[in-house]
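Visitor: I would like to go through this entry with you and ask, at each step, what a given term rests on.
Guide: Gladly; let us put it on the screen before we begin.

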2 protein chains.
Amino acid sequence: MERPAHDHLDALNTVRGGMPQDELLCDLADLFKIFGDTTRMKILFSLFEAELCVHEITALLGMTQSAISHQLKVLKDAHLIDSRREGKTMIYFLADDHVRSIIGQGYEHITEEDKPHEEDL
Amino acid sequence: MERPAHDHLDALNTVRGGMPQDELLCDLADLFKIFGDTTRMKILFSLFEAELCVHEITALLGMTQSAISHQLKVLKDAHLIDSRREGKTMIYFLADDHVRSIIGQGYEHITEEDKPHEEDL
DNA sequence: ATAATATATGAATAAAGAATCATATGAAAG
DNA sequence: CTTTCATATGATTCTTTATTCATATATTAT
């Protein structure tokens with residue numbers, strides 16, 4: 001019987017060390033989950049360019065006001081965007097620049113992606 | 001009637017310029033969707049430390065082999081991980097370093113996050 | 001060939017989540 | 001204080017998706 005090319009016990013121990021706590025992993029997944037929706041992605045990209053009120057976003061995305069409000073709430077609860085009131089209207093804006101850099105990294109992966117990936121259907 | 005503090009037409013035009021194509025936004029959302037699951041996040045963190053075979057990952061996460069295989073497929077289809085065969089076992093490993101940097105950005109957002117966020121329940 | 005081990009996969013189930021509809025809240029104007 | 005404009009929210013519906021179960025494929029050993 002040959003020694004396995006791959007040392008199981010060793011690998012497992014190495015890995016357990018670097019693994020963050022379950023709660024942190026869960027929080028991380030929850031954060032990315034928020035970027036994982038086209039509507040929210042569009043909202044965020046919109047706010048990259050300018051502060052916007054709800055009905056502007058609604059018009060831009062061509063969706064119902066309710067759908068937009070629901071997603072704005074999701075984004076706000078995650079501290080990715082924030083809002084202030086201006087008379088009757090609510091102005092939404094990016095909470096901080098992490099949003100830009102997170103999306104930026106994803107953007108790079110998708111575009112740069114060494115291009116030999118047309119086999120994906 | 002006062003001029004609105006917020007110039008709607010102007011804002012909308014500014015924004016339409018910087019908005020990527022629908023398909024790209026969709027691809028981006030799909031990419032982040034993949035990070036938006038605890039199981040997949042754990043698999044990726046595991047592979048940060050070492051190349052691993054399926055049953056090692058299964059053991060590490062304490063889940064069924066089937067569940068792991070299904071998620072490995074998702075990750076592989078997205079070109080986030082890749083695999084090679086070594087005898088009977090399949091060894092999985094990170095496809096490139098984008099994975100690390102994308103997760104890294106998210107990690108920062110969660111940890112750095114100026115800390116005044118205990119009101120979230 | 002057959003058995004044993006390692007992994008993959010299809011179908012079904014169950015749970016999460018996005019959009020819709022109807023309605024509620026909140027600010028300002030008449 | 002009633003109406004109007006802007007936004008928020010609860011409940012329901014429909015879709016997506018993660019896991020499980022059973023089974024299929026692939027590699028090696030007997």
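**Contacts and the rules behind them**

Guide: In this predicted model, the residues that form the surface near DNA strand D fall into six nonpolar, twelve polar and seven charged.

Visitor: What makes a residue part of the surface near DNA strand D, and which are the closest?
Guide: A residue is counted as near when one of its heavy atoms lies within 4 Å of the strand. By that rule 25 residues surround DNA strand D, and the closest are S66(A), Y92(A), T39(B), R40(B) and S66(B). On the side of the nucleic acid, 61% of the atoms of DNA strand D within 4 Å of the protein belong to sugar or phosphate, and the rest belong to bases.

Visitor: Why is the pairing of H70(A) with DNA strand D called a polar contact?
Guide: The limit for a pair of N or O atoms is 3.5 Å, and an N or O atom in the side chain of H70(A) is 2.8 Å from a base oxygen of DNA strand D, so the pair meets the distance rule. The phosphates can be treated in the same way: a backbone N or O atom of M90(A) lies 3.4 Å from a phosphate oxygen of this strand, and an N or O atom in the side chain of T64(B) is 3.3 Å from a phosphate oxygen of DNA strand D.

Visitor: Which elements give two or more residues to the surface near DNA strand D?
Guide: In chain A they are α4 (54–61), α5 (65–77) and β3 (89–94), and in chain B they are α3 (38–49) and α5 (65–77). The largest share, five residues, comes from α5(A).

Visitor: How do you know that S66(A) makes a polar contact with DNA strand C?
Guide: A polar side-chain atom of S66(A) lies 2.7 Å from a base nitrogen of DNA strand C, and since the cut-off is 3.5 Å, the pair qualifies. From chain B, the side chain of Q65(B) has an N or O atom 2.8 Å from a base nitrogen of DNA strand C, while the side chain of S69(B) places an N or O atom 3.0 Å from a phosphate oxygen of that strand.

Visitor: What surrounds DNA strand C, and which element gives the largest share of the surface near it?
Guide: There are 25 residues around DNA strand C, the closest being T39(A), R40(A), S66(A), S66(B) and Y92(B). The largest share of this surface, five residues, comes from α5(B). By class, it has six nonpolar, twelve polar and seven charged residues.

Visitor: Turning to the protein chains, why is the link between D22(B) and K42(A) called a salt bridge?
Guide: The rule asks for a side-chain nitrogen of Lys or Arg within 4 Å of a carboxyl oxygen of Asp or Glu; the closest N and O atoms of D22(B) and K42(A) are 3.3 Å apart, and therefore the pair satisfies it. Across the interface of chain B and chain A the rule finds two salt bridges, and six residue pairs are found in polar contact there.

Visitor: What is the area buried between chain B and chain A, and which residues take part?
Guide: The buried area is about 5200 Å², with carbon and sulfur atoms giving 73%. The contact takes 61 residues from chain B and 61 residues from chain A.

Terms used: Residues numbered from 1 in each chain as written. Chains lettered and ligands numbered in written order. Predicted model: local features only at pLDDT ≥ 70, side-chain atom pairs only at ≥ 80, totals over all residues. Heavy atoms only, no water. Polar contact = N/O pair within 3.5 Å; in protein donor to acceptor, adjacent residues only side chain to side chain. Helix = DSSP H or I, 4+ residues; strand = E, 2+ residues; numbered from the N terminus. Nonpolar A, V, L, I, M, F, W, Y, C, P; charged D, E, K, R; others polar. Contact = heavy atoms within 4.5 Å. Buried area = accessible area lost by both parts, 1.4 Å probe.
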